[in-house]
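Here is a short tour of one protein chain, written for someone who likes to check contacts and angles. Have the viewer open and follow along.

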Amino acid sequence: MDVWIIFNPILKVLLYIAIFGSVGSFLFSLQFGKQLTAEQQAYCDYLTHKSNLIGAVTALLMILSGAGNLGGDLASVIDLSLLQLAIESKSGVSYSTAFAGFAVMWIAHSLKGNAKKFGLMIGSVAILFSTTMSGHSQLGGVLTQSLLMVHLFGIAFWLGALLPFRWMCMQPDTSNLGAVAHRFGVLAMGYVGLLLSAGLGYAYLLLGDVSLIFTTQYGNVLLIKIVLAGALLSLAALNKFKLVPSLEINPSQAVSRFQNSVQFEIALVIVILTASSLLTTSITLPEGM
């Protein structure tokens with residue numbers, strides 16, 4: 001059995017988690033910094049910092065896995081000639097760019113004020129751009145690359161808020177939770193609109209024929225991902241229109257319900273990221289695409 005059939009999807013899920021943990025947590029603190037307490041801001045910085053480390057290590061492991069794929073065994077990851085080929089490939093350049101983005105964000109944490117913010121922005125852009133440098137996004141040129149960037153930016157905003165919200169629910173002082181959650185819901189309508197329109201447009205350009213979503217393995221996994229994303233959106237809508245308003249009215253009970261909802265969202269996200277990983281590592285597009 002080819003070990004890379006197992007390793008590559010796992011590594012890709014870790015990379016996705018690191019991307020949304022680093023870029024998403026930074027976006028959350030950037031958008032809501034004025035409403036967050038010092039402790040909440042520090043937690044967002046902690047998430048970004050740790051995610052950068054996980055992302056940098058995972059990006060390097062993805063390059064090693066490229067050499068392993070070329071050689072077909074574990075020993076190939078230390079074969080210098082195969083490593084060179086892996087680094088020079090489109091995937092290798094993509095993962096190297098992601099590593100550089102994570103490194104820039106890591107270094108930026110030691111800076112202060114606007115210099116820190118600028119460094120985190122540059123690193124975030126590099127990380128998101130790295131995802132468009134290889135794989136399916138190359139098939140439609142600039143259009144599919146742009147759609148993927150917009151899609152991932154919207155996802156980063158959404159998913160990057162889940163762990164901070166969960167942490168805020170677990171703290172003794174939740175006095176600002178309702179206000180932050182309300183503003184997040186308002187902004188999320190725009191971000192979710194962007195990620196949905198870009199994601200659906202991207203998927204259509206890749207498949208070319210809507211019927212393939214029902215008749216091919218790639219389409220079936222994509223359909224599962226879409227259904228799960230729909231469930232996630234429904235849960236987010238429940239949060240916005242029912243749970244978040246109740247945080248202002250009856251916070252003692254609402255905080256617990258909101259935390260449970262966020263935790264269920266996190267579980268759904270892991271399943272969705274797993275499906276996304278399979279689509280980009282293990283399942284090929286229908287023939288002729």
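## Asparagine 176 and its surroundings

In this predicted model, asparagine 176 is in contact with Gln35, Leu36, Thr37, Gln40 and Met168, once its neighbours within four places in sequence are left aside. One of these partners deserves a second look: the side chain of glutamine 40 makes a polar contact with the side chain of asparagine 176, at 2.8 Å.

Where does asparagine 176 sit in the chain? Its place is the loop between helix 7 (162–169) and helix 8 (177–207). Is asparagine 176 buried or exposed? Its relative accessible area is 13%, and because the cut-off for buried is under 20%, asparagine 176 counts as buried.

## Helix 7 against helix 8

The two helices on either side of that loop also pack against each other: the axes of helix 7 and helix 8 are 11 Å apart, at an angle of about 160 degrees. That angle makes helix 7 roughly antiparallel to helix 8, because angles over 145 degrees fall in that class. The crossing of helix 7 with helix 8 is left-handed.

Which residues meet here? From helix 7 come Phe165, Met168 and Cys169, and from helix 8 come Leu177, Val180, Ala181 and Phe184. Sorted by class, this contact has seven nonpolar residues, with no polar and no charged ones. Met168 is also among the residues in contact with asparagine 176.

## Helix 8 against helix 10

Helix 8 has another packing partner to look at. Its axis lies 10 Å from that of helix 10 (residues 217–249), and the angle between the two is about 165 degrees. Helix 8 and helix 10 are therefore roughly antiparallel to each other, and their crossing is left-handed. The residues of this contact divide into 15 nonpolar, three polar and two charged.

## Leucine 195, a buried residue of helix 8

Leucine 195 is also in helix 8. With a relative accessibility of 6%, leucine 195 counts as buried. Which residues does leucine 195 touch, not counting those up to four places away in sequence? They are His151, Gly154, Ile155 and Trp158.

A C-alpha distance adds to the picture. Leucine 195 and phenylalanine 153 are 42 residues apart along the chain, and their C-alpha atoms are separated by 7.5 Å.

## Helix 1 against helix 2

Now to the start of the numbering. Helix 1 (residues 4–32) and helix 2 (residues 38–71) have axes that come within 7 Å and cross at roughly 150 degrees. That makes helix 1 roughly antiparallel to helix 2. The crossing of helix 1 and helix 2 is left-handed.

How many residues of each class take part in the contact of helix 1 with helix 2? There are 13 nonpolar, 14 polar and one charged.

## Alanine 75, an exposed loop residue

After helix 2, the loop leading to helix 3 (80–88) holds alanine 75. Is alanine 75 buried or exposed? Its relative accessibility is 53%, and because exposed means over 50%, alanine 75 counts as exposed.

For a long-range distance to check, try alanine 75 and arginine 166. These two residues are 91 apart in sequence, and their C-alpha atoms are 42 Å apart in space.

Notes:
Residues are numbered from 1 along each chain as its sequence is written. This is a predicted model: local features need pLDDT of at least 70, side-chain atom pairs count only at pLDDT 80 or more; totals for chains, interfaces and linings use all residues. Side-chain values use heavy atoms; hydrogens and water are left out. Axes are lines fitted to C-alpha atoms, for helices over the stretch in contact, and angles run from 0 to 180 degrees between N-to-C directions. Helices (H or I, at least four residues) and strands (E, at least two) are DSSP runs, numbered from the N terminus. Angles under 35 degrees count as roughly parallel, over 145 as roughly antiparallel, 65 to 115 as roughly perpendicular and the rest as oblique. A crossing is left-handed if the near helix is turned anticlockwise from the far one by less than a right angle, and right-handed if clockwise. Ala, Val, Leu, Ile, Met, Phe, Trp, Tyr, Cys and Pro count as nonpolar, Asp, Glu, Lys and Arg as charged, and the others, Gly among them, as polar. Buried means under 20% relative accessible area, exposed over 50%, partly exposed in between (1.4 Å probe, protein chains only). A polar contact is a pair of N or O atoms within 3.5 Å; within protein, one must be able to donate a hydrogen and the other to accept it, and residues adjacent in sequence count only if both atoms are side-chain atoms. Contact means heavy atoms within 4.5 Å.
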